[in-house]
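Visitor: Could you take me on a close look at one part of this structure? I'd like to see what surrounds one of the bound molecules, and then one residue in a loop.

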Amino acid sequence: MTVRESGPPLTGEVDVVIVGAGFSGMYLLYRLRALGLRTIVFEAASDVGGTWYWNRYPGARCDVESMQYSYSFSPELQQEWHWQEIYAPQPEILRYAQHVAERFDLRRDIRFETRVERAQFERARCRWEITTDRGDRVMARYCVMATGCLSAARVPNFPGRERFRGPTYHTGHWPHEEVDFSGQRVGVLGTGSSAIQAIPVIAAAAAAVTVFQRTPNYSIPAHNRPMPAEYEAMWKARYPELRARAWETRNGIVYDLNNQSALEVDDETRRKIYEERWAAGGIPFMAAFNDLIVSQEANETAAAFVREKIRAIVHDPETAAKLTPTSYPIGTKRICVDSDYFATFNRPNVTLVDIREAPITAITETGVETKDAHYACDALVFATGFDAMTGALNAIAIENDKGESLREKWAAGPRTYLGLMAAGFPNLFMITGPGSPSVLSNMMVSIEQHVDWIVRCLADLRAQGAAGIEASAEAEDSWVAHVNEVAHKTLYPAANSWYMGANIPGKPRVFMPYIGGVGVYREICEKVAANGYEGFHMLAPVAAAAE
Ligand code: FAD
Ligand code: NAP
């Protein structure tokens with residue numbers, strides 16, 4: 001673990017400030033150094049890794065295969081690193097992040113345990129002033145928010161939350177020390193991806209687990225296993241070709257998309273295809289047919305298949321019925337990938353409480369009270385998710401020279417051009433920001449694409465002698481309209497998902513990521529850059545701007 005050395009707060013000027021040292025901030029730092037730009041990174045955690053630093057809950061692992069959920073920028077790195085499992089667990093991904101930091105000597109430019117509180121643009125000097133909770137005050141030509149889409153953990157305001165006498169945990173803020181649940185009665189609140197991974201592992205250790213479920217989730221088995229040597233060798237031999245193929249896909253993952261409609265095959269063929277996908281496991285289940293996310297009728301065939309699987313796995317019909325999702329199309333909330341999630345409810349020490357039927361009325365000193373009963377717990381695990389996509393950005397007071405804040409600008413939902421910049425906020429970039437494919441993709445692919453685009457942009461600005469760049473309001477308007485239009489051609493808006501902001505009371509209901517696809521989006525970004533940064537204005541050199 002890296003601790004920030006005590007010493008005077010940082011002042012002075014750099015070319016770029018990066019906020020966040022997850023996979024986005026780390027790669028960006030590496031690239032900007034190569035460009036010769038003086039760069040400093042501020043990171044709230046005490047080490048690199050972002051998501052994989054914070055989410056240390058039992059069972060945490062990737063739902064994109066390890067051979068693909070990794071950086072592609074260094075041929076040596078991707079050849080030398082050995083992933084031990086098909087889906088890497090959190091400790092292995094964190095070790096990978098730490099290895100990258102060491103290998104490329106990144107930590108020397110990262111100030112850990114330092115939270116950026118404010119970023120204010122000064123147009124006359126064309127600089128961002130960035131201030132932190134450690135008293136740092138740094139000026140930078142450019143500021144890049146690599147703050148993460150799923151980094152603002154959230155505990156709902158259950159009445160009496162602070163009264164609980166036992167330990168409480170959030171999956172996204174898990175302690176560094178091992179948590180021993182043996183002999184304990186553990187309450188788990190939430191049944192999203194994090195809970196679905198954690199519950200089987202906690203249930204194997206604890207005396208009893210009570211799961212409080214508001215909405216049941218569709219989940220596909222991971223069938224995780226040790227990395228087969230020949231599979232790793234195949235990937236390593238074909239990395240250049242396969243990475244390039246991933247860039248052109250819809251979600252940044254190489255797998256077989258069956259380019260047939262679910263409705264054009266007979267029942268027997270359809271079932272056979274679903275059975276094969278279920279047996280192979282993971283996210284590619286949703287690529288069984290090409291219309292699962294656009295046709296309600298096609299989607300229902302996949303949903304019905306998964307519901308049937310749940311009923312077949314879970315012995316108690318009442319519990320199976322509660323675990324069966326019916327209120328939204330499959331895949332319109334992030335599809336979950338599990339290891340023995342549904343079977344865990346066959347264990348005698350696991351109880352499912354449907355809090356839609358009997359809502360939580362209070363957290364008490366000793367447990368959780370619903371409309372119907374009180375459930376005694378020694379520890380509580382909040383697997384209640386994140387203020388996704390906008391939470392970490394809105395937590396920083398980002399202000400332009402007119403005194404407008406990004407938070408106010410986004411009051412009715414985030415507005416960006418390409419998910420990279422927001423009009424009125426020059427020289428401020430976001431990595432995997434709202435309006436880009438981000439969370440709908442293998443994030444490693446989207447992170448590298450954004451970083452590469454930003455680095456090229458900064459190099460071009462330097463070559464042209466420009467002081468910076470700003471998205472135009474017109475380009476932003478038409479991009480926001482396009483993002484909405486494409487989303488509404490799919491079934492996604494039908495679900496109360498965090499993609500829609502629906503998990504946070506009062507958050508605007510807007511579909512935040514861009515669903516046009518990683519390949520299509522990449523092409524648009526390339527074209528914009530090739531056409532002289534279409535939709536952006538270049539800022540005049542500073543002396544002129546200051547007049
Ligand atoms: P993050 O990893 O979130 O890093 C952002 C960093 O910014 C954090 O370290 C945070 O501390 C720091 N930060 C934020 N605000 C401030 C501030 N004001 N000041 C200083 N520092 C700040 N994606 C996939 O593609 N496949 C997966 O299987 C997958 N699994 C996931 C599992 C979990 C449990 C979660 C939560 C997410 C998962 N994701 C997955 C998404 C994951 O977030 C990305 O894959 C990726 O790790 C994001 O990297 P990042 O650097 O953009 O953001
Ligand atoms: P999440 O998907 O938002 O799930 C949060 C859970 O808490 C949901 O079941 C939600 O119920 C429940 N909840 C929230 N507020 C509640 C309230 N007020 N009362 C009762 N229940 C409430 O969060 P997450 O599980 O942490 O996952 C977030 C994202 O991180 C995932 O979608 C995925 O992108 C990523 N992730 C990936 C993996 C992986 O497999 N690699 C693992 C973990 C996370 P509702 O559904 O009713 O809102």
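Guide: Here is a walk around ligand 2, followed by a stop at Arg 225. Keep in mind that this is a predicted model.

Let's start with the ligand's surroundings. There are 24 residues around ligand 2, and those that come nearest are Thr 191, Ser 194, Arg 214, Thr 215 and Lys 333. Sort that shell by type and you get nine nonpolar residues, nine polar ones and six charged ones.

Now for the polar contacts. Thr 215, one of the nearest residues, has a polar side-chain atom 2.4 Å from an oxygen atom of ligand 2. Gln 197 also uses a polar side-chain atom, which sits 3.1 Å from an oxygen atom of the ligand. With Asp 63 it's the backbone that takes part: one of its N or O atoms lies 3.1 Å from a nitrogen atom of ligand 2. How much of the ligand does the protein cover? On its own, ligand 2 has 910 Å² of accessible area, and the protein covers 88% of that.

On to Arg 225. You'll find Arg 225 in the loop between strand E10 (219–221) and helix H6 (229–248). Its relative accessibility is 40%, so Arg 225 counts as partly exposed, the class between under 20% (buried) and over 50% (exposed). Its side chain reaches the backbone oxygen of His 223 at 2.8 Å. Looking further along the sequence, Arg 225 touches Glu 85 and Ile 86. As for Tyr 87, that residue is 138 residues from Arg 225 in sequence, yet their C-alpha atoms are 7.7 Å apart in space.

Conventions: Residues numbered from 1 in each chain as written. Chains lettered and ligands numbered in written order. Predicted model: local features only at pLDDT ≥ 70, side-chain atom pairs only at ≥ 80, totals over all residues. Heavy atoms only, no water. Near = heavy atom within 4 Å. Polar contact = N/O pair within 3.5 Å; in protein donor to acceptor, adjacent residues only side chain to side chain. Areas by Shrake-Rupley, 256 points an atom, 1.4 Å probe, with all protein chains shown as cover. Nonpolar A, V, L, I, M, F, W, Y, C, P; charged D, E, K, R; others polar. Helix = DSSP H or I, 4+ residues; strand = E, 2+ residues; numbered from the N terminus. Buried < 20%, exposed > 50% of the residue type's maximum accessible area, 1.4 Å probe, protein only. Contact = heavy atoms within 4.5 Å. Lists of a residue's contacts leave out its neighbours within four places in sequence.
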